[in-house]
Amino acid sequence: MDVSTRKVVVVVMAIAMVLTAGQLVGVFGTTAQAQDVLAGAYVDGTLPVTEPSSSLWSRATALEIALSAQAVVAPIRAGPFVPALRVRLLTNLTHAAFLIEWDDATKDNRTTRDVEFRDAVAILYGPGDATRYVCMGGPGKALQVTQWKADWQADLEEGFRDLEHAYPNFWVDMYPYAIGGPPYRLPDAFPAEARVYLPGWQVGNPFSDPLKVTAVEDAVAEGFGTLATQASQDAIGRGVHSGTGWAVVIARPLVSEDPEDVILGVGTILAFAVWDGSSRDVGSRKSVSSWVDVQLPNPTAPPFLLVGLALVIVLVVFSMVVPMLRRRRPQPPKERTRDASEGDSPESSNRREG
Amino acid sequence: MPDVKNWQLGRMMKYEYEESRPDRQVAAVFDINKCIGCQTCTLACKTTWTSGKGQEYMLWNSVETKPWGSYPLGWDARILDLSGKQTWDTSGATPVYRGKTIFEAAPDGERVLGWQPEDQDWANPNRGEDETSGALTEDKYHMKIPHQVWQFYLARICNHCTYPGCLASCPRKAIYKRKEDGVVLIDQQRCRGYRECVKACPYKRPMYNHTTRVSEKCIFCYPAMEKGIIPRCMRNCIGKIRIVGYVSTPENADPENPIDYLVHVKKLALPMYPHLGLEPNVYYVPPINVPRQFNRQMFGPLADAAVDTYTRMRQGGEPELRAVLLLSVSTPKLLRKFRLDGDEAVGYDILGQEVVRVPLKEPEIVRPEYDAALQVYRHNIT
């Protein structure tokens, strides 16, 4: 082989510097440095809040987060739990978007029948001093939760899932005050007076509302069993089931005017929970993580500075590599009698010849 | 888990929360011997509360033909199977339950021993209705008088238990027991459709609304009760099997209170499957035409004595007992007190006003077959 050691070193350095430059501008992702730190990547522009398959996600490092069955309060899940999540974080100047992926062969996005339970994933947000409140906050320590629900998304994308979908042979003559004819679809067939017979909807329960506006519920909790939908809904997202698992985006503002939201900034900690509907996960029957630290990219660094820095690095690399390649000449025949122990490599010989 | 007093078990028991009895507890007594299985109660409830979309299968009130009928399918057999054989200590004056309640027998990680009914379990209300308990081709069951098979109609609503399984199981505390009257309700705003209550209630009275995706249950018609009017299923009872009121704990029993009299004084009205530990507040006068072993299983160790008492009453004894049972559904008003006044039973409403007076024996009037005034013949002269 006629490649000198010096040339190899230069090429490797060049590749490393280009990769570094690429990472600086977010072209390439990085590998996780620590298991409990979720490092975000900066995006100049719109976040892929509804696109789990966007190429932008490759800019962010995926953090593998181990889960275990929630076992603090009963009831707890009896079956096998979802063992791990893979999470990526992208931010821009105003918002953060999480891509959460996990293995789940069954797509459970119906909750009409008696034993249909949804797939779901949630993020718990806490300030840095909330480490002992991993159980969804505590009395006087309200924490924010954003939960994506597979059935809410199905309602949004396919129209409200109801009896006529779960039971195709379903028939009914009439409902009190409903208008039109069977199967009397929600919401149009149910004017105000007919909604009295749909109590959950009548009292404003978001789970009963056929007109979903987002698949992500923005909620607040002060401990297990206290989760409540926030008055101000500030989160959005979308999930895609690949056949083997879910890839779900949950997006929210870094800082909002809602006092029930936790600021996503320096020191914010996160915890995750996943529900597998086919395992009859629901409520406290779930797989949960411990706290994860967040490392946000510096949102104040103007992207053009990063691009400029990357360009400088690339120019430096080329200024080193190109002259070296230009100086490259066909190697003269080696002196067979020369002792390699003299220390000059072919590259050093070439350099001397130049 | 805290220790609470369950007087129906004659002992303390474990429960999810501390004992917190309401100021007064709604209750009802159903006289099974008078039920004709007409389902008028079922329809009265259905048309009032569960005629909305998503509630099609819901029957907060149901009437099952026992021993086979059930809604949901096998609700009683399933929990009895899960519970296993249990024992009562009947050596003392008051029976003491020595087995485990559904709270004490809860598996690790669960609050309550329960099971989750599926669609098909709800799909056939009262499957087994009016079916005999054996094949008609067998000689001994075919066209013999008196009947050699037994059955009875079991009307059921939510028992508004003192220690509700549904309430204990809900991790969100979306189910609560009203302090003012003990009615157990599911908060329709707070419920998130976990269905833990559906799984936990051994009587299977919470039900999941397919359309609103939250659970619902009998509300004991509390808007009517607050006005001193008895619930819809009770008011419409053709067989007049139901009497409604408030039940006291044994030590506070008021013999003038119709419910206390039936439950505590005469011990004629018994809780259904008391060994499950919920202290249910709908009480039953056991059927007198069924095997005593079955009655003991369903109504506990006092069932034999209750059947004997009822039999005595039918034979002309127990006039006060006859009086209070005659007041059943004799008025839409909630009866707080009753009194035997000569040959008449008298009922008083929650304000203490007399609202009904019923003769123990209907006066027999025979009219002439031909009515001269109207110049018509009567087909029915009594």
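**A three-stranded sheet and its surroundings in chain B**

Strands 15, 16 and 17 of chain B make up an open sheet in the order 15-16-17, with antiparallel pairing. Two strands are taken to pair if DSSP finds at least two bridges between them, and the elements themselves are DSSP runs numbered from the N terminus: helices are H or I with at least four residues, strands are E with at least two. The edges belong to strand 15 (337-341) and strand 17 (354-359) of chain B, each of which pairs on one side only. From one strand to the next, the twist averages 20°. Here axes are lines fitted to C-alpha atoms, for helices over the stretch in contact, and angles run from 0 to 180 degrees between N-to-C directions.

A word on the model: it is a predicted one, so local features need pLDDT of at least 70 and side-chain atom pairs count only at pLDDT 80 or more, while totals for chains, interfaces and linings use all residues. Residues are numbered from 1 along each chain as its sequence is written, and chains are lettered from A and ligands numbered from 1 in the order in which they are written.

Back in the sheet, five bridges hold the antiparallel pair of strand 16 (residues 344-348) and strand 17 of chain B; in strand 17, B:V356 is the bridge partner of B:G347. Helix 11 (residues 319-326) of chain B lies across strands 15, 16 and 17, running at about 130° to strand 15 of chain B.

Turning to helix 9 (residues 292-299) of chain B, its residues B:N295, B:M298 and B:F299 are buried, meaning that 20 or more other C-beta atoms, placed from the backbone, lie within 10 Å of a residue's own (exposed is 12 or fewer, partly exposed in between). They sit on the same side of helix 9 of chain B because they cover an arc of only 75° around the axis, the arc being that of the directions from the helix axis to the C-beta atoms. The buried residues of this helix pack against strand 13 (270-271), strand 14 (282-285) and helix 10 (303-314) of chain B. The axes of helix 9 and helix 10 of chain B come within 8 Å and cross at roughly 115°. On the helix 9 side, B:R292, B:N295, B:R296 and B:F299 make the contact, and on the helix 10 side B:A303, B:D304 and B:V307 do; contact here means C-beta atoms, placed from the backbone, within 7 Å. Just after helix 9 of chain B, B:G300 takes a positive phi of about 90°.

Elsewhere, strand 12 (residues 242-247) of chain B has six of its six residues buried, so it is largely enclosed by the rest of the structure. Strand 12 pairs with strand 3 (residues 25-31) of chain B in the antiparallel sense over six bridges, with B:V29 opposite B:I243. Strand 4 (residues 62-66) of chain B is mostly covered too, with four of its five residues buried. Five bridges join strand 4 to the antiparallel strand 7 (residues 152-156) of chain B, where B:R156 is the bridge partner of B:S62.

As a whole, chain B holds eleven helices and 19 strands, and 49% of its 382 residues are buried. The contact between the chains takes 31 residues from chain B and 33 residues from chain A.

Technical notes. Contact = placed C-beta atoms within 7 Å.
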